[in-house]
Structure formats: C-alpha cells, structure tokens
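Proteins can hold pockets of empty space sealed inside them. Let us take a look at the enclosed spaces of one model and at the residues around them.

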Amino acid sequence: MPADPWRLGAASLPLVFLLVVLLGLRWPGSRAGLAALALTVLLAVTAFGLPVRAAATAMGRAVALSVDVLYIIWTALALYQIAELTGAIRGIGEAIARLTEDHILQLLIIGFAFASFLQGVEGFGVPVAVTAPLLLGLGFRPLDAAAVPLVAHSWAVTLGTLATGFQALRAVTGLPARELAWSIAPLGAVTAFATGFAVMHLHAGWRPMRRAFGAIALMGATMGGVQLLLVWWGNWIIATSVAGMIGLVVGLQLARWTRRFGAGIGGLLPEWPPPEGRREPPRPPAPAVSSMSFHLAFLPYYVLLVLVGVVTFVPRLGSALSAVRITMQFPPATTSFGWITDAAQAALPIFGHPGALILYASVLSAVLFTRLGYRIPLGVLWRSTVRQGVPTSITILALVGVAMLMVYSGMTYLLAAGLARAGRVFPFLSPFIGVLGAVITGSNTNSNVLFGALQRDAAVLLRQNPVLIAALQTVGASLGSMITPAKVVLATVTTGLAGQEGAVMRVTGRYLLVMTALLGILGLGWSLF
C-alpha cells in the first residue's frame, strides 16, 4: 500500500469530516453518519482500490456488527421506557435524594461507582443506558446526565465485561497474560482515580474539588486499588466488576454516615450549594403515578443485575443460552494495491446476548410491575421506543459502515502506521492510537484486535517494551469509549438529547484529551526507566 502524503491525507478525510460536522456544524448523528458513509465509499473505491464486491462485503460485516449494538440499544430503550412509564426513574431519584441531599455524592454513587460496576459485569453500552436516565431523574442537566457516565465508565472498559478486551489483546499479541495484566492494572488505577475528579469537574467545575476532595479520592482510589489487588492475585477476569461493587458500597456507606452524623464527616464531604444553573429541579411525576420506595423503583435494575450475575457465574447456563447462534461468514478481500483483509466470521448468540438479557429483564420487570398494580401502556411503550430507536439505528449502521470500509480499504492501517513513525516518543502516542481504534471501530476490543499486533511490532522495531505499549494501547482505547459514536448516541437517546451528539462529544472530548495525554506521559516516563 503506497503511504504517500496525499493518500495518508485521504485516509484521514472520513474522520476529519465527522469531527467537523459533529463538533463544528452540529449535525445530528444520522445525517453526519450517512454523509460520512457516502464519502468513505467514494474514497475506498477510487483512492484505495477497493473493489465494489469487497465494499459490499465490508458493508455486510458492518451490518452484522451493528446488530450486536442495536440489540442492546433497542432493549435498553424498552427497559428505560418501562422504568419511566411506571414512575420508577423518579422513584430512584427521590430515594437517593432522601438518602443524601448532597448532589456530589449522588453523582459519585450513580454516575461513577454504579456505572463502573455495570461496565465490569456487562459493558456493551449498558452502563450508559442505565445510569444516564437515572441521573436525569435525579435532576441533573440532560447534558451532564449524558456526559457523566460516558466519562465515568471509561476507566473500567479495559478489564470490564469480564476482561473481554484484555483477552482479545492477549490473543492478537501473544504476550504473557500475567505480565500484560500487571502492566495494565497500574495505568487503570491512575485513570480510575482521575476519572472521579473529571466527573466532578464536568458537573461543577473546580469549585467542589477542595471541599469534596476526600470523597472523590476515596472512591476513585478504592476502585483502582481493588482492581490492582485482584490483578496481582491473578483474578483479572473479575477485577473491574468487584472494584465497581466495592466502590458502590463505599459510596452508599458515605451517604449513610453523612445522613447520620451530618455533612463533613471525616472531612470527606462538606455540604455546599450547587453552582447556579448546574442542576434542574427533579421532574414532577406523572399525575397517575405515585412515588415508590427505592427498592421497588430499582426493580428493573435488580432484575437485570441478577440475570447478568446468574449467567456470568453459572457457566453452564451461559453456554446453554449461547448455544443457538446466527453465524455469518465474510470472504477475504484484496484491494488493487494489494491490501488484504482476511476472511471473518460474525456470530450472534440469540438467547445469550447482552441484549437478550436486557430483554428478559424488561419482560420480567413489566410483568412484576403489572402484578404490583403499576399498569404499563404497551402502545405508548412501543411508540416511544420506535421514535427513539429508528434514528439511532440509522446512525449506528452508517458509522459502523464507515469503520468497516476504512478497515477493508487499508485507511485505518495507514493512519496508525503514520503515527508509529514517532520514534522515541512513540509511548506517548500509543494510547492515542488506541483511542483512534476505539472511535473508528466503536469498542476497546475491536481497537485491540485492529491495532494490538501493530503496536507490538512497532515497539519491537523501536526497541520499546511491547508489553507496556500493548497496555497503553488498550487503556487508551478504554478512555476512547468516552466519544465512541455508538455510546454517545446511546447517552443522548436516553436523556432526550437525540441529535445533539456533537454537543456531548465536545464535553467528553476535553477530558479524553487530558487523560490520554496524562496516560501518554506516564507511558513515556515508564519507558525511560
């Protein structure tokens, strides 16, 4: 593949176009995605010699990958609508507000610890889909409710979803598992600590940092430390889920202490008024719906957590549910310049997919609420879900199509190879390559598959530590989850901001750049010693 400057520039055009129209022109995601898809098809076929048949293969694979995401999005929307129509969202907000009136602690419990826990056990956008509407119900601004879980869950993606991304990185690089995990864990602990402060700054600026430093630091350090400890013991598969659960317990205990002994217990969480305009009053409940207790309001999420836990920790049940699969084969493709994309396979476990678990939780929750006297208007449920789901589906399909066309035409490889020419400062750029992969492919796992071996080989050529470079790749890709289009769309659609993806990305992108740069500095310093 010729790597001349004009072709490198052409390879970057789809990403530059998306950045301009989403962040600059503020186009809705569906419009930006379709326009970027048309541009990418044109570039792939003309400038990069991708045959039309191969482009069709890329689009077919994009559809297969999109189904994975859309299965979750549609079922998550249904679960949210059930909680909304029954008054459960407001019930959760009222219960947490009764437990603690301090909005900092509310944000840390739901937006930070709970999102991290969900990422550890489930992932696939579920932390955003669940916590964003909860924050909205607590009275946080829609923009905060959408952006906070995107930032908050990002540190937990690397070893989250039972270490799926880690396993993919290990498979494509062949690096020793324990050494790789032990390189990832300290970087993950640093990002966990930093994420708590990023979440608070996103919501209220610098004002709460001095007065609530203890509470923020305690929860961030607890989750990062627990993950580090479990990795040291060799239990990286459950490291993040346990870390998130312990962080949630710490947050709830802080709320109890604050309620019992008053604000400022131990200097951890002094009271202070929220900044002007940062919160909105909680939304009033529908006239026909009475308020609920916390446990009743949390019923849909209890059901979801129980189902996920049972499937996760009862391997035979998980295997049985995943036995029925729809499998699709995609042939290899070669461009006129000789760039080869290997044959691929996509499999969708119909009954064991995360989206299926959310569907089961939705049905069970609807049945339980109905038996308890909370009637759900099915027509309203269906219309609300479709109204939000259709534009979201268009956006996802278009953006995943862009990603696959870039992979099949070699554009993605050219961009990463160009970045790898940095020489001794490569460790600083390595996490940015991980971010690039996550943004393009939509996930930490796919970024690791795409760039893991490339980063390892570049490290060997540059006489750098390949384990460190691989760790920087995956932690950078984890942070990239803050702005992956699928998750941003999921955040906007569950907070009433559909079509305002650019506004959310402008907010989360600032923290992504700062935290990725911090990660790069740590990697560069580590490589020099």
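To read the linings by class, it helps to know that Ala, Val, Leu, Ile, Met, Phe, Trp, Tyr, Cys and Pro count as nonpolar, Asp, Glu, Lys and Arg as charged, and the others, Gly among them, as polar. Keep in mind that this is a predicted model.

How many cavities of 30 Å³ or more does the structure hold? There are 2. Here they are with their volumes and classes:

| Cavity | Volume | Lining by class |
|---|---|---|
| Largest | about 50 Å³ | 9 nonpolar, no polar, no charged residues |
| Second largest | about 40 Å³ | 6 nonpolar, 2 polar, 1 charged residues |

**The largest cavity**

Ala-76, Leu-79, Tyr-80, Val-126, Ala-129, Val-130, Tyr-301, Leu-304 and Ile-358 form its lining. Two or more of the lining residues come from each of α3 (52-85), α6 (126-137) and α14 (299-313). No polar or charged residue is found in the lining of the largest cavity.

**The second largest cavity**

Around this space sit Leu-22, Gly-29, Thr-395, Leu-399, Pro-485, Val-488, Val-489, Glu-501 and Met-505. The elements giving two or more residues to this lining are α17 (378-409), α22 (485-493) and α23 (501-527). Which element gives the largest share of the lining of the second largest cavity? That is α22, with 3 residues. As for class, the lining of the second largest cavity includes 1 charged residue and 2 polar ones beside its 6 nonpolar residues.

How values were computed. Residues numbered from 1 in each chain as written. Predicted model: local features only at pLDDT ≥ 70, side-chain atom pairs only at ≥ 80, totals over all residues. Heavy atoms only, no water. 1 Å grid on protein atoms, 1.4 Å probe; cavity = no way out; pocket = protein on both sides within 12 Å on 5 of 7 lines; lining within 4 Å. Points joined across faces, edges and corners; volume = space filled by probe spheres on them. Helix = DSSP H or I, 4+ residues; strand = E, 2+ residues; numbered from the N terminus.
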